[in-house]
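Subject: Structure handover

Hi,

Here is the structure I promised to pass on. Have a look at it first, and my notes follow underneath.

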Amino acid sequence: MFAHDNGSGTPVVLLHGFGLDHRSLLPLEPTFTRSGGWRRLYLDLPGATGTPADGISSTQEVAEATVAEIRERLGDTPFAVLGCSFGGMIARYVAHALRPQVLGLATVAGVFVAAHARRDVPARTVLRHEPEVDAILGAAVEQYREDAVVESADDARAFLEYLLPGLDGADPDAIARIGARYSLDREPEDAHPEPFLAPALHITGRQDHVVGYADAWRRVAHYPHATVTALDAAGHNLLFEQAGLCAALVTDWLDRIRRTTGN
């Protein structure tokens with residue numbers, strides 16, 4: 001897998017959403033920089049820009065390949081893992097498969113139920129529309145509107161900078177293959193039912209019509225040391241729509257890891 005390695009200190013592996021690439025998580029860079037002491041390892045998952053799929057044709061295979069990549073790059077070094085959307089499902093798998101060396105787990109609008117028809121999601125809604133959005137996005141406006149809840153000029157520009165390049169760079173054949181077998185063989189919490197005791201964070205969007213918030217909340221008991229929150233005025237692009245709150249929550253998660261590990 002293609003990787004982008006920033007900073008130094010305790011490793012944090014960052015996993016992007018489906019059909020995107022590592023750039024979708026770069027808005028978190030200032031948060032890690034301010035917190036200090038974190039090495040950020042952004043992985044481009046199979047089928048994403050820069051990473052060939054090499055015959056991978058299911059989410060389970062993506063998850064196993066991600067574990068193998070982390071082992072190759074980090075060995076036995078303790079690390080934390082954060083995933084967004086599809087990357088949240090992979091992050092949950094990684095955190096349980098490598099639990100002895102995982103310092104913490106965070107998901108941002110994470111997938112907790114793979115099958116779309118089985119997800120508990122709110123109705124699609126748009127809370128605000130700023131008219132300049134259409135001019136800023138041009139031909140990309142419909143792609144943006146698939147997930148947007150707060151249609152603002154700032155979010156539109158963020159979409160062009162951080163999300164659209166990954167959408168354009170993805171391997172469509174690989175995305176189709178993996179999408180056809182989108183579920184893990186078993187949900188990580190079911191395969192490893194012992195409570196996950198490391199600091200956790202699950203950020204959901206109250207208006208997220210893609211993955212919702214209720215399915216993540218149903219796993220609360222499995223994570224005794226988790227902050228679990230549903231942010232209002234936030235859909236599946238909550239990392240942009242509620243950037244300040246996300247930054248504060250991730251900072252708190254990093255602080256809790258530090259206090260737990262004594263680093």
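Let me start with Ala109, which counts as buried because its relative accessibility is 0%, and the cut-off for buried is under 20%. Before I go on, please keep in mind that this is a predicted model. Ala109 sits in the loop between strand 5 and strand 6, and its phi is positive, near 50°, even though the residue is not a glycine. As background, most residues other than glycine have a negative phi.

Ser85 is another non-glycine residue with a positive phi, in this case about 55°. You'll find Ser85 in the loop that runs between strand 4 (79-84) and helix 3 (86-97). Ser85 is buried too, with a relative accessible area of 10%.

Back to the loop between strand 5 (102-108) and strand 6 (128-129), since Arg119 is there as well. Is Arg119 buried or exposed? The answer is buried, as its relative accessible area is 9%. What does the Arg119 side chain reach? It gets to the backbone oxygen of Ala114, at 3.2 Å. If you skip the neighbours within four places in sequence, Arg119 is in contact with Val111, Val113, Ala114, Tyr182, Val210, Val211 and Asp215. In case you want a distance across the model, the C-alpha atoms of Arg119 and Phe79 are 30 Å apart, with the two positions 40 residues apart along the chain.

Thr51 is worth a look too. Thr51 belongs to the loop between strand 3 (38-44) and helix 2 (59-74), and at 5% relative accessibility Thr51 is buried. The side chain of Thr51 reaches the backbone oxygen of Asp44 at 2.7 Å. Again leaving out neighbours within four places in sequence, the contacts of Thr51 are Met1, Phe2, Asp44, Leu45 and Pro46.

Then there is the pocket side of things. The largest pocket has a volume of about 580 Å³. It is lined by 25 residues, and those closest to its centre are Phe18, Leu20, Asp147, Leu167 and His236. Which elements give two or more residues to that lining? They are helix 5 (141-145), helix 6 (153-169) and helix 10 (238-241). As for character, the lining of the largest pocket splits into 14 nonpolar, eight polar and three charged residues.

That's what I have for now.

Cheers

Terms used
Residues are numbered from 1 along each chain as its sequence is written. This is a predicted model: local features need pLDDT of at least 70, side-chain atom pairs count only at pLDDT 80 or more; totals for chains, interfaces and linings use all residues. Side-chain values use heavy atoms; hydrogens and water are left out. Helices (H or I, at least four residues) and strands (E, at least two) are DSSP runs, numbered from the N terminus. Buried means under 20% relative accessible area, exposed over 50%, partly exposed in between (1.4 Å probe, protein chains only). Contact means heavy atoms within 4.5 Å. A polar contact is a pair of N or O atoms within 3.5 Å; within protein, one must be able to donate a hydrogen and the other to accept it, and residues adjacent in sequence count only if both atoms are side-chain atoms. On a 1 Å grid over the protein atoms alone, a cavity is a set of points where a 1.4 Å probe fits but cannot get out, and a pocket is an open set with protein on both sides within 12 Å along at least five of seven lines; lining residues have an atom within 4 Å of a point. Grid points are joined across faces, edges and corners, and a volume is the space filled by probe spheres set on the points. Ala, Val, Leu, Ile, Met, Phe, Trp, Tyr, Cys and Pro count as nonpolar, Asp, Glu, Lys and Arg as charged, and the others, Gly among them, as polar.
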